[in-house]
Amino acid sequence: MQSDIDDLFVGITINIEFMTIIVCVDDNNGILFNKRRQSRDKAVIADIINSVEDNAVISVTPYSALLFEEYQSRIKICESFDDDSSICFVEDADISHLEERIDRIILYKWNRVYPASVYFDIELDSWKCISSGEFCGNSHDTITKEIYLR
């Protein structure tokens with residue numbers, strides 16, 4: 001019986017790719033207001049580039065691509081994040097359908113409250129914060145970076 005079951009799966013490869021998402025949020029987990037980002041900081045973008053592996057490519061939407069104009073060789077512009085996306089900078093894309101694939105979240109916190117209409121809505125209660133630190137940004141006195149693992 002087991003041999004018959006094993007024969008059914010010959011030649012079938014199950015490949016589940018895990019995903020890292022990178023998100024910038026305010027103190028209320030806000031991301032966007034009226035289809036515009038709440039803030040931006042060149043120091044965050046430089047830290048993102050320095051935080052990922054040297055040959056890693058970060059998937060971004062066309063809206064976010066302008067933030068990475070100095071790092072064009074390190075980004076892939078896509079309308080939505082798909083199975084080929086393993087590191088994604090998320091601002092204006094719905095990722096709810098990919099939540100099961102996400103195994104690492106990198107949050108950059110502005111340490112301020114901005115008006116918001118779109119929020120980061122993944123509950124982090126079941127995630128483990130493995131790193132938390134602060135650095136000075138170009139336009140923000142203090143930016144907090146937190147890394148979570150599932």
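How do the residues lining the second largest pocket divide into nonpolar, polar and charged? The lining has eight nonpolar residues, one polar and five charged. The model is a predicted one.

## Second largest pocket

This pocket has a volume of about 200 Å³. It is lined by 14 residues. Closest to its centre are A93, D94, I95, Y119 and D121.

## Largest pocket

The largest pocket holds about 250 Å³ of space. R40, D41, K42, I45 and A46 line it, together with L66, L67, F68, E69, E70 and Y71. Six of the lining residues are nonpolar and five are charged. None is polar.

## Largest nonpolar core

In soluble globular proteins, nonpolar side chains tend to be buried together. Here the largest nonpolar core has 22 residues. Those with the most contacts inside this core are I48, I58, F68, F89 and Y108.

Six elements are listed as giving two or more residues each: β1 (19-25), α2 (42-51), β4 (58-60), β6 (87-89), β7 (102-109) and β10 (143-149). The largest share comes from α2, with four residues.

## Around F89

F89 is among the core residues with the most contacts inside the core. Leaving aside neighbours within four places in sequence, F89 is in contact with I22, C24, I48, I58, S59 and V60. It also contacts S64, L67, F68 and F81. Of these partners, F68 also lines the largest pocket, as does L67.

## Second core

A second core, separate from the largest, has 21 residues. M19, I95, L98 and L124 are among them. I95 also appears in the lining of the second largest pocket, as one of the residues closest to its centre.

Key: Residues numbered from 1 in each chain as written. Predicted model: local features only at pLDDT ≥ 70, side-chain atom pairs only at ≥ 80, totals over all residues. Heavy atoms only, no water. Core = buried A, V, L, I, M, F, W, Y, C linked by side-chain atoms within 4.5 Å. Buried < 20%, exposed > 50% of the residue type's maximum accessible area, 1.4 Å probe, protein only. Contact = heavy atoms within 4.5 Å. 1 Å grid on protein atoms, 1.4 Å probe; cavity = no way out; pocket = protein on both sides within 12 Å on 5 of 7 lines; lining within 4 Å. Points joined across faces, edges and corners; volume = space filled by probe spheres on them. Nonpolar A, V, L, I, M, F, W, Y, C, P; charged D, E, K, R; others polar.
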